[in-house]
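Where does a folded chain leave open space, and which residues surround it? Please look over the sequence and the model below before reading on.

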Amino acid sequence: MRVDGSSRFGANNKYGFFPAVSANWRLIEESFLKDVSWLSDLKLRASYGVTGNAGGISPYQSLSTVAATGSDYVFNNTYVTGINPTGIANPDLRWERSTQANLGLDVSLFNNRLSMVLGIYDKKTKDLLYIKTLPLSSGYGSITGNYASLENKGVEFAANARILDGPVKWNVAGNITANRNKVLDLDGGTTTERFITSYTILKVGEPLGLIKSYIFDGINQTGETILPGYDGRLGGHKVKDLNGDGAITAADQEITGNPNPNFTFGFSTNVSFKGFDIGMFLSGSQGNDIYNLSRLSFENPLGQRNLYKGVVNRWSPTNPSNQYVSAAQGGRLPVSNYYVEDGSYIRCKNLTLGYTLPAFKGVQNIRLYVSANNLFTITKYSGFDPEVNTYAGSNTVTGIDNLVYPQARSFLGGLQVTF
C-alpha cells in the first residue's frame, strides 16, 4: 500500500492511494506432484492492484493561468504587454488510476530444458487525464480533467528451449502477445467520437487510433458527374457517396483501418559448435494497418519533390488512368482508404556469426564476429519501413507513415578480448 502526492493536481486531490496484492502457489512442491519426474517446476501466480499516473499532463493544469497575448498596446503613454486568461482552474484534477488483474502460469519440463510462461491481464484505466474541448463561447478552447477511461485486455506467452545440449548446443526462444484495447469514455459522455488528425479518431467502444476516411472509387473521368462537397476535380480521386444523398459529406466517411495488430511476436535462436556460434533474432506484427502518407506525397504531382516513376503514367484526357491523378490537381486529394495498407511484417533484426579462439596464456577469450542488423523484412507494405510511426510519442495516433526515415540495414565486424 502506498500514497503518492503530486503538485500537478488540484488542491482537493493532490494525493492518491494505490494498494496492490499478489500471491503465488508453487504446485511443484505439493505431494500430488512429487512423483512427476518430467515436471521440473510449476507455479501459478495472481495479482491485483492500482497504479497512478501523473505524467499525462504538464504542470499548472489545475490552476487558472494567464499569458501574454502577443498583441501589445499603449496604456497611459506607456507601451505594455497584453495579458489574457488561458486556462480554467480545476481544483478537482486528480490522479489517473489503472486497476489491473493478472493471472500467470510458469512451467518447466524435462529438467528445465523447456520453460514456458503464460500471462493473462485485464487493465482498466479510469479518471484518465484528458484535454476536453470546450465551446469557444466559454472563452477557452479546452480544459484538462479526469474525463476518459480505457480498457486493455491481453495474453502473453513466452517459451525457451534447450534443444541440443551436447557438443552442438542449440537454444531457441519465442514470445507472442495479443492485446485488445477499447475506449470506454472520452469526456464524461459529452461526445462519443473525436478526430485526433484528419484521418485518425478516438471512438467510444472501439480501439485507439482507428483510421476513418472516405472510400476511394477510382478517378473522375471525362463526362462523369463530379459530386459536390469534397473539391473533386476531373482527373482527381473520386470517393463513394455512401448514404446516397448526392453529395460528399462527413457522413460518407467510415472506419477503414486499424493500426492495432492482432498480435506481435519475437523469435531468437543460437547454435554453437566448438568455437563457432551463430545467432538470429526475428520480430514482427500481424494484422495492423498503416496510413501511408508518404505515398500520397510521392504520387501527388505538386512540383515540390521527387515522385514515384509510375506517375509518368498519370491521368490525362488521352490517358484515362485510374491510379495516378492528373498534374492539375494542385495537391487537392481527399483523405481516403487509398492510402491504407496492411502493415504486417517479419523482420530479421539481427544475425550474428562468431568464432572464439582457444584460450592461451594471459588471455581468457578472443572472439571474432560479424553481424547484420535489419538484414531483411518480409512484408506487403509498399513504403520504406513497416515498423513506423510518425507520432512516435503518441498512444492515440499510431501506424502513420509521413516521410519517416526508415531503419537502416547495417553490417558490423568486431573483436572481443577478455583478459
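The paragraphs that follow describe two pockets and the residues that line them.

This is a predicted model, in which local features need pLDDT of at least 70, side-chain atom pairs count only at pLDDT 80 or more, and totals for chains, interfaces and linings use all residues. Residues are numbered from 1 along each chain as its sequence is written, and side-chain values use heavy atoms, with hydrogens and water left out.

The largest pocket (on a 1 Å grid over the protein atoms alone, an open set of points where a 1.4 Å probe fits, with protein on both sides within 12 Å along at least five of seven lines) holds about 660 Å³ of space, the volume being the space filled by probe spheres set on the points. Its lining, meaning residues with an atom within 4 Å of a point, has 27 residues, and those closest to the centre are E96, L128, L129, N395 and T396. At least two lining residues come from each of β9 (96-109), β10 (114-133), β11 (142-165) and β12 (168-185), with β10 giving the largest share, 6 residues. By class, 12 residues of this lining are nonpolar, 11 polar and 4 charged.

The second largest pocket encloses about 230 Å³ of space, and among its 13 lining residues N152, N179, N181, N260 and P261 lie nearest the centre. Here β11, β12 and β19 (263-273) each give two or more residues to the lining, and β12 provides the largest share, 4 residues. This second lining has 5 nonpolar and 8 polar residues but no charged ones.

Notes. Ala, Val, Leu, Ile, Met, Phe, Trp, Tyr, Cys and Pro count as nonpolar, Asp, Glu, Lys and Arg as charged, and the others, Gly among them, as polar.
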